[in-house]
Amino acid sequence: YQVIDNMVYVAYSAPIVSSGSIIGSATSLCLLSSDSFIDDIKETTGSEISIIVGDTRASTTIMKDGQRETGTKIDAKISKIVNQDKKDFIGEVKVSDVSYMVKYHPVLDENGNVLFTLFTANRTDEVKSQLKKIKILAIIIVVVSSLFGMLFLNFILGRIIKRPVKAILTVANNLEQGNIGI
């Protein structure tokens, strides 16, 4: 990874070898902070994406009034966690007056320094709606499983208990009528 003028690049080089000797190299450079790159990630994941350099959004899919929210600063407490402590931050934050469930993940270089931070977010209301659907589905699964369990137990208990009790009642009825089967 390379950060040049608040733009994040991935660089890859490979040697070109001829007759066992390196005669050159091929280098590929990909701009990670391009709008099209992060838009593709958003389309694939359904999450908002930002590339943050230092404490400033270099690129983002978050829009306000039809404009990308680039150049905005992240909260100082979050910046300390990801840039100084070099740890992920997961929580709920407001970005452009919209509440999001977010994850900030610092991307480190080979020396352990933060190159940039990858931000992913989903609207809190959408997350809560999905969680509500999952809870309802879980309740339905528990109820249906319980009903099947009770039916199964009824069937098993019927075979284990009802048959012997029925046989005992038959013998008792025969004895009551004086039929002892001799």
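Here is a walk through the charged side chains of this structure and how they pair up.

The model is predicted, so local features need pLDDT of at least 70 and side-chain atom pairs count only at pLDDT 80 or more, while totals for chains, interfaces and linings use all residues. Residues are numbered from 1 along each chain as its sequence is written, and side-chain values use heavy atoms, with hydrogens and water left out.

Let's start with the salt bridges. Side chains of opposite charge can pair when their charged atoms come close. Here a salt bridge means a side-chain nitrogen of Lys or Arg within 4 Å of a carboxyl oxygen of Asp or Glu. By that count the structure holds eight.

Take arginine 68 and aspartate 39, whose closest N and O atoms sit 2.6 Å apart. Arginine 68 belongs to strand E7 (residues 67-68) and aspartate 39 to helix H1 (residues 35-45), so this salt bridge ties together parts 29 residues apart in sequence. (Helices, H or I with at least four residues, and strands, E with at least two, are DSSP runs numbered from the N terminus.) Both residues are partly exposed: arginine 68 has a relative accessible area of 23%, and aspartate 39 comes in at 29%. On that scale, buried is under 20% relative accessible area, exposed is over 50%, and partly exposed is in between, using a 1.4 Å probe and protein chains only. Asp35 joins in as well, since Asp35, Asp39 and Arg68 are linked in a network of salt bridges.

Next up is lysine 64, which meets aspartate 97 in a salt bridge at 3.7 Å, N to O. This pair also links distant parts of the chain, 33 residues apart: lysine 64 is in strand E6 (residues 63-64), and aspartate 97 is in the loop between strand E8 (89-95) and strand E9 (98-108). Lysine 64 is partly exposed at 34%, whereas aspartate 97 is exposed at 63%.

Arginine 123 and aspartate 125 make another salt bridge, with 3.3 Å between the closest N and O atoms. Arginine 123 is partly exposed at 33%, and so is aspartate 125 at 45%.

Now for arginine 57, in strand E5 (residues 56-60). What is the nearest side chain of opposite charge to this buried arginine? That would be glutamate 69, 7.2 Å away, and arginine 57 has no salt bridge. (Lys and Arg count as positive, Asp and Glu as negative; His and the chain ends are not counted.) The side chain of arginine 57 does make a polar contact with the side chain of serine 50, at 3.1 Å. A polar contact is a pair of N or O atoms within 3.5 Å; within protein, one must be able to donate a hydrogen and the other to accept it, and residues adjacent in sequence count only if both atoms are side-chain atoms.
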